[in-house]
Every structure is written in structure tokens, then in C-alpha cells.
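Grab a pencil and work through a few short exercises on this fold. Each one comes with a worked solution.

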Amino acid sequence: MKKTLLLSSLVLLTTIATAQLTIDHLQCENLVNPLGLDLQHPRLSWQLKSDKRNGRQTAYEIIAGEAPALNNIAVTWRSGKVASSQSIRIPYNGTALQAGKRYYWKVRVWDQEGKASAWSQPAWWETGLLQPANWKAKWITPGYVEDSIRRPSPLFRKQFAVKKKIKSARLYITSQGLYRAFINDKMVGDSYLTPGWTSYKHRLQYQTYDVTSQLSQGNNAIGVMLGSGWFRGYLAWANNHDYYGKKLALLAQVVITYADGQTETLSTDESWRSATGAIRYSEIYNGEINDARLDKTGWLTAGYDDKDWSSVATPAISKDNIITTYNEPVKKHETFKPIKIFRTPQGDLVADFGQNLVGLVTVKVSGKAGDSIVIQHAEILDKQGNFYTENLRAARQENIYVLKGNGEESFEPVFTFQGFRYIRVKGFPGELKPEHLTATALYSDMPLTGSFSTSHPLINQLQHNIEWGQKGNFLDVPTDCPQRDERLGWTGDAQVFARTASFNRQVYNFFAKWMADLAADQLKDGRVPAVIPDVLRGDAAGSAGWSDAATIIPWQLYLAYGDTAILRQQYASMKAWVDFMQQASKDYLWNTTWHFGDWLFYRPNDDNDGRSAITDKHLIAQCFFANSLQMLINTAKVLDNTADEKTYAAVLEKVKQAFLKEYLTPNGRLVSSSQTAYVLALHFDMLPDNLRAQAASRLVENIKDYGYHLTTGFLGTPYLCHVLTRFGYNDIAYRLLLQESYPSWLYPVKMGATTIWERWDGQKPDGSFQTPTMNSFNHYAYGAIGDWMYRVAAGIDTDTAGPGYKHIRIKPYPGKGLTDVKASLQTGYGVVSSHWTTQNNRLTLEVEIPANTSADIYIPASSATAIIEGFMPLDEIKELTVIRQEGGYVVVQAGSGKYRFATSLPLSYPAP
């Protein structure tokens, strides 16, 4: 026994002594084992784990091939040993990929000591239809005469036989409109609102599904239902519908590979049948009407008699605009039961789910055939406690279910979604109980990456609200709001929130898809539409701060993920927008064209002192002109386009000179004295160095004049606290963050908000509402403070020297009012975290840095000798190097690992 224990101990010690890097989290194009890629050189990534500090990769080797064993016969690429620390986005560089095939890959690495890791477990990707010619299917449309008023959802079906043992089967499918597909009475996949919303005339996505398990030898049936969706449904206002076309259509093919190696393809063609069923009406804004009495019972099963169904038409619709899907699809997520069911003062039967969410409500009910149940949705109750829908404008948000009368029935909408916390139920037979209702959140299935928490419960609720605002509005496109007759991809909202979004979730694929649509819908003169996809026909295109999404979002994505592909993809679009501004300006002053301005800024009710939060719209435009120039210059530098870099740098200098001449008085005062004016001028470096301090001082005086309240709108708010911290007023930034009265971030929280509001005072202290035509209670733009919370309060940031967190900066700014701030972020390399606490005049900073990265850690301390790491003085820690003292911080260089620093709290919190 003693010999066995001794041997086990020796094995354990040997294992610890020789511990090396291990590999996990293999991805291809930011996806885990993706189906249906259409790239010849998909990019491969992995993460490294090490139980030692300073773990890093010095070389890698990748093998790829057509068999899981990756033996020499099946290998299509062997990279050989490559001396490189790169562990994300390595392009496949083997033999040409073929359509509809699965390719496996694995990787091993060498650490800083030259020791090789074990091979990773194999991962895979699968190609889709690589070119239009791979589509054997024909577009089909219903063969019956359609009801032009209600436009019931079409049904398509096809019965087919499988005669041999199946090895694998794939469904490739897209539609004009939304689709839901079934094989043998089982829904295909778990994605909703497919194929998603794109600029359909330029880019129509298809999806790939593994349907092997849904097929069986013998007779099978495939069925697909379509909905109007974004393709021909009502969008925006002014009776705008049929924007992309009037006819819904389906394109699908099932490719079966048999065990003997033969393949067979089942495609949409003239042999399919069409009809209508239970869904009699479906619109995104208005909801659905489902009459279960009209359901075609059994239509999704083999053996169903469809002789009374109509034939189909096969119109000549182009396939040249069809692309595969890389962004994460919309899926079902959290579910909620009512926390309360009650009667309002007006007598309505209402259920409260406790959270403002976006998705659908499932109703379980038993009743007589023909009984009708009406479900209406709302975000909020009025001050009397009644159901409030005036802020929905023309959107009905109403689902109607007509019972079949055959026992318990279950209903939920198929081709629509609602934004709500409350529902009003009419016509429910018997007593409505919580078990009859379930609310389910729908949003794009982007992986969760960030977490943020503090010692302050209201700030934690603010973070919760930011996250739920993102969930509800990141439903295939970044919408402004999810409930009224809008739900559009407003560019201004998206650009102010993009960096915050990248902390909460993995949004690269989501935004890369949307930015491609932005470039596709960009006007010929370079203007960017106010909404993407553009269903306003260019109306309001070219507004400062909105069209600048063309330059701001690609650069922010590059910083967050370190991927130059988004810069290359969008570079022509970025240039076109900047060139438009230059052409629209005179002597480099852009004081023409219409602008939204600092949208929904604070407007005082009784401005007797002459104070004003109004900011000159052309001053704002000039600032964003300069900022977009800077983003373009940065991008040109990264892409080694030195000619453009020099050209636009010269233009930027002239734009800033024009700003000073037009908007700055000789004594250094801006012509607009608002917070937004000073914030933009300072954040975008519009002022000479010698005038910045006094401008920051004027900004602070303005904040004090408003009783330490912000007055900024959509364009000034994202940068406000960043500017205050940058210029030495971190205490003011914290005071604004923690302000609880209107206007502030915490005022809605105190009013019971569970998402971010569109307006600072969407609901006033007396319970009354702001202007109902523009008053969403789920509108993420003001949630852009989340960027400051992560990057400044917690201190997690990256830089242009190592974007995508290859090189990390941990620089927390502790502030009075918080004693504990903790944040983490799952990056392409692994988890980065920062957690600081203050107690008994001591500050503790705990940091985690992932393998294969490096970091500069800023420790708030008076000197290096005042710091201990773990239980030892800082200067005795061999893995850390003190590089400088800077503005109240001791800066140390670190490799990967977990660190715990402790020091006496400075007499005053550190200045930048």
C-alpha cells in the first residue's frame, strides 16, 4: 500500500513538474463545428490553458482532413511547425474544399520552453453550397390564388421515399419571407425567424441543417410554412409594406448520402404541393391570427392525402444573391412564469412576467371549438395601474387564437415577436392561472462573454437592464426598439452601443453581417441610410452620428476582436462615407445637410436662467466628420495603405482647423455651451492641447450647474464619463453614474425599469409618461455607459498594439460610492478578469490574464514598495516586471496567470 501511494505521489509530482499548455475551445470562423461554410480558406482558432504563469505559445502545427482520425491518407492540409504565437484566425491553406463536405482538424502547440503539447481533440467544419450552380432546387411559390388582405401563411409539402441506409442528410433552405421547416412532423433545427433579415436584393441568407436523425428508411415527408416577415410585411410607417416583393417563395434541397456512398438530392420543384392552414394572418408589428380549426392535421407526416392541395409555381427568381449564414441565429432562451395575475382598475385581466423582454407567450387552454382568445402585449402600466399601449403607436402586438376544441391546446406565435412585460388576456375560458402562461425570450444566440457586478445594487440592476436591452434588440439586426411600429436597425443607436455590446456578448459575426448590409445599402454618393437594412428608401441618410456607423463600428470591432477582416470588408464603405462628408463641406466645414443632432437630450421645462442643453447640430457634424476621418486613417494604417493614411491625415488637420475657426471663441469657449459640445470636442481631440484643460473645467461647471446631472442625448452620452475620467474628473464621473434623480442612469432603475429606456424620463416621478409617440421602454442606446463600466471602473481594456486582447491593459479607476467592482470577459484567448475592493483603507486588485497574452497592470499605489502580490513584496515576484510609475499607479508587465495585489489606499483616488 505504501509503495502504491509513493508511486502515485511520484507520478503526480512528475505531472505537475512537466505540465504544459493544453488546448481547448476550437473554433472555425468564431463558431464551434459550423455547418454550411462557403469559404475556401476558413479561419481556425483555439485557446490555451496553463497552470503556470507566463504560459505562451511559440509555435503551432495544424492538420486537417476528411476523416476524424486525420490519418495520412485523408489529410488535406498539414501546416508543419510554424513559429508563431498566433492562435486565432489561422487560414486553412490546404487543397481546395468541395461543396457539402465535412473537414476535421486538430492542432498542437509548443510553449515558451519549446515543449510540445498533446494534440487537441478533433474539431470540424462543413462546407455548404459554394456557388449558385450547387443549387439544384427551383424557387417555388403557392399555386392557389392568395387572399390579398389577410395573406395567410402558405404551406408546402413533399412526400418522398428513402430506400437505403442513410449515412448523413443535409437540408439547405432559404425563403422570400420567413420559413419554418419540418421533417416527419418534427421541427428542423431550433432557430427562429429564419432566414433572418438582410438587404434581400443584395444578400439573402440560407441555412444548413443536419437532418440525418429525422429521416428513416421508407416514406418520409417534408413540410415548410412561410410568413410575411420583413420581406413583405409592414415596416416603419406610412403603410410601407411589400418592400422587397409581394410573393413569398421557398428554395430548399435535401442532400442524402447513403451508407454505400451514393447521394440523392430532393429539391423544391413542380412536384411539391401548396395550401394554407391555421395561420390566417401574420405581421411583425401586429401579431398573428391562428385558427386551429383550419389546421391541416397530419400534413407533416408521410401518408397524408394532399390531393385537395394546389400545385406550385416555379418563378424565375435569381440565386446569385444567396449567401451562407455566419451570424448566430435567433433562438429561444430564458422562460418566465407570471409573477402576478390581476385585474386592473379598468377591469382588464393582466399577467405580469416581471421582466421587460422580447419574444413570445405560450398559452395552454381548454375550451370549445370556436372560442377565441386574444393576447395583447405592453411594456408598462400607467400611473393608475392600467394596461398601457399608447406608446406602441400603430403596432397592435396582438395574437388571436381560435380553439379547435379537442382538449388542452397550446398556442404560440410563429412568424412574429413582441416586446412586453405585461399581457392582457381576453376570452380565456375559466380561471387564468400561472401554469397556463409561459413567456420565452427570443434573441440572436450570441455567446455570453462578459459579467459585471459591484457593491451597489442599483448599479447591478443597471447592468442587468443593459444586458436585457441588448438581448431584446439584438434580434438578427440591432434594432432601436422591439415593440412599436419601428423595430429597425437604426445606425446611430448601433454605433453608440457597439463597444458595450462586445463586452456583454460575442457580437463579431452579428455585426459583420449587419455591416455588410450597410455597405450594400449605402447610397451611390456615399451617404449611409439611417436604418439598415434600408426600408426608408434613403430617407434621413447622411446624418452625423448615424451614418458614422460606417466607420465607428468596424474600428470598434477591430479593437475588440483584433480581426482585420472587418476592416478590409468595410474599407470601401468607410471611404465612401468620409468622401461624402468632404464633398458636402465647404473649406472643410460641414455645415450643410440635415442631421438628427444629439437625439433626445435633456430639455429643461422652465429655462429661466437661460441654460440650455441644445447643441449646434453642425458643431456635432464637424466633430463626427473628424472622428470618422480618424477611424479611416487608423484603418488605412492597419491595412498598410500609406497613401490613404497620408491623404486623409492632411484632410483631418484642415477639418479641425475649420472647427476651431467656426465654433471656438478667441477665449476658448465653444459656441454651444452644452455638455455634449464639450464632450465631443474633447473626446475627438478637436481642441489644441493648451485649451483642453479649461474646456474640461467648463464641462464640469456645466454638470454642477445642473446639480450633478447629465443633459446629454444619444451622441454625447457614450463619451461623457470617458472624458471626465481622462481629464482628471473621475470623481464627477462616478457622481453621475451614481446619481439617482432625473436625468440619470439610475433614475429609471429607481422607477422599476428592467431594461434601458429611450428617454431619461420615459415615466415621470408622478407616473405620467413622456411623449407617447417616442417613448420606448426597451431602447439600448443609453446603455452605452456599460463601456465605461467595463473599461474604466473595472479597468479591462485592449490597445492598438495588441487588439482583441492579445495585449491587455488592466487599469481600474476606483471611485467613491463603490467598494467592490468585479468584471470578466471571455476573449479569443480566454478569460480576462479584474476585481478590486476597498476596505479598511486597503485596496485589493485581483487579475486574471489568459495564456498566450500579455498585460500592463496598473495598480493604484504610491510606490512599488507599498504593494504585495499574494504574500510577497512585488519586487520579489519574478513573473512581474515594474516598468514605471504613472499618475498614481504603479505599472507592471505580466504574462498569463492569476494575480492578487494589495496596497494601502492612496489619500485620494488616482488621477489619469
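**Exercise 1: a small sheet**

Start with the residue pair: in β6, P91 is the bridge partner of R43. Before going on, note that this is a predicted model, where local features need pLDDT of at least 70, side-chain atom pairs count only at pLDDT 80 or more, and totals for chains, interfaces and linings use all residues. Residues are numbered from 1 along each chain as its sequence is written, and side-chain values use heavy atoms, with hydrogens and water left out.

Task: work out in which order the strands of this open sheet are arranged.

Solution. Step one: strands (E, at least two residues) are DSSP runs numbered from the N terminus, and two of them pair if DSSP finds at least two bridges between them. Step two: β2 (residues 43-49) and β6 are antiparallel partners over two bridges. Step three: the order of the three strands is β1-β2-β6, with antiparallel pairing. The edges are β1 (22-28) and β6 (90-91), each pairing on one side only.

**Exercise 2: a serine in a strand**

Task: find out whether S282 is buried or exposed, and what its side chain touches in a polar contact.

Solution. First, place S282 in strand β19 (residues 279-283). Next, its relative accessibility is 4%, so S282 counts as buried (under 20% relative accessible area; exposed is over 50%, partly exposed in between, with a 1.4 Å probe and protein chains only). Finally, the side chains of S282 and E288 are joined by a polar contact of 3.0 Å (a pair of N or O atoms within 3.5 Å; within protein, one must be able to donate a hydrogen and the other to accept it, and residues adjacent in sequence count only if both atoms are side-chain atoms).

Note on methods: Helices (H or I, at least four residues) and strands (E, at least two) are DSSP runs, numbered from the N terminus.
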